[in-house]
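Work through two short exercises on the structure below. Each task is followed by its solution in steps.

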Amino acid sequence: MSVTNKIIGLMLLMMTMHSVSANSITRKDNFFQPINIGEKFTFVKSQTVEIAAGISAPIHAHPVPTFGVINKGMIVFQEQGKSQVILKEGDTFFEPQNVNIMKFNNESNQPAVFTVFYIVETDKAPTIKMDMVISE
């Protein structure tokens with residue numbers, strides 16, 4: 001089985017997991033998987049995130065490429081300079097490295113849960129920065 005197939009299999013497994021919490025936004029680490037891309041060795045880090053009903057994430061950016069899938073609920077998503085979109089259960093998203101995410105909002109009356117995958121160089125690499133807002 002190729003490395004890519006193993007990663008895809010692990011991502012699909014992780015997409016079914018979710019956490020329950022009384023906090024507004026919670027994150028639960030799922031896994032940290034090494035991947036070999038040519039001669040470079042990197043990792044995929046995964047978390048399950050829950051956003052309570054009516055909660056909006058602050059404007060933020062990711063210092064690493066970020067991919068995800070909505071497990072439950074819906075999210076209003078908007079990258080800086082682009083139109084907002086509604087992400088529903090089963091929809092996937094990509095948050096480019098160092099691009100402001102203007103909206104990642106749960107505007108419904110139900111919790112929203114998603115699984116996110118970060119491409120990182122180490123297990124301690126930062127994955128989200130609220131103070132890293134990039135100006136146009």
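**Exercise 1: the sheet**

Three strands form an open sheet in the order S5-S4-S7, with antiparallel pairing. The model is predicted: local features need pLDDT of at least 70, side-chain atom pairs count only at pLDDT 80 or more, and totals for chains, interfaces and linings use all residues. Residues are numbered from 1 along each chain as its sequence is written, and side-chain values use heavy atoms, without hydrogens and water.

Task: state which strands stand at the edges, and how S4 and S5 pair.

Solution.
1. Strands S5 (85-88) and S7 (101-105) each have a single partner strand, so one side of each lacks a neighbour in the sheet.
2. Neighbouring strands are turned by 20° against each other on average, direction ignored.
3. Strand S4 (residues 74-79) pairs with S5 in the antiparallel sense over 4 bridges. Pairing requires at least two DSSP bridges; a strand is a DSSP run of E, at least two residues.
4. Val76 has Ile86 in S5 as its bridge partner.

**Exercise 2: Asn106**

Task: locate Asn106, decide whether Asn106 is buried or exposed, and find its polar contacts.

Solution.
1. Asn106 sits in the loop between S7 and strand S8 (112-120).
2. Its relative accessible area is 0%, so Asn106 is buried (under 20%; exposed is over 50%; 1.4 Å probe, protein chains only).
3. The Asn106 and Ser108 side chains share a polar contact of 2.7 Å (a donor-acceptor pair of N or O atoms within 3.5 Å).
4. A polar atom of the Asn106 side chain lies 2.8 Å from the backbone oxygen of Gln110.
5. Beyond four places in sequence, Asn106 touches residues including Ile51, Gly54, Met74 and Pro111 (heavy atoms within 4.5 Å).

Notes:
Axes fitted to C-alpha atoms, helices over the stretch in contact; angles between N-to-C directions.
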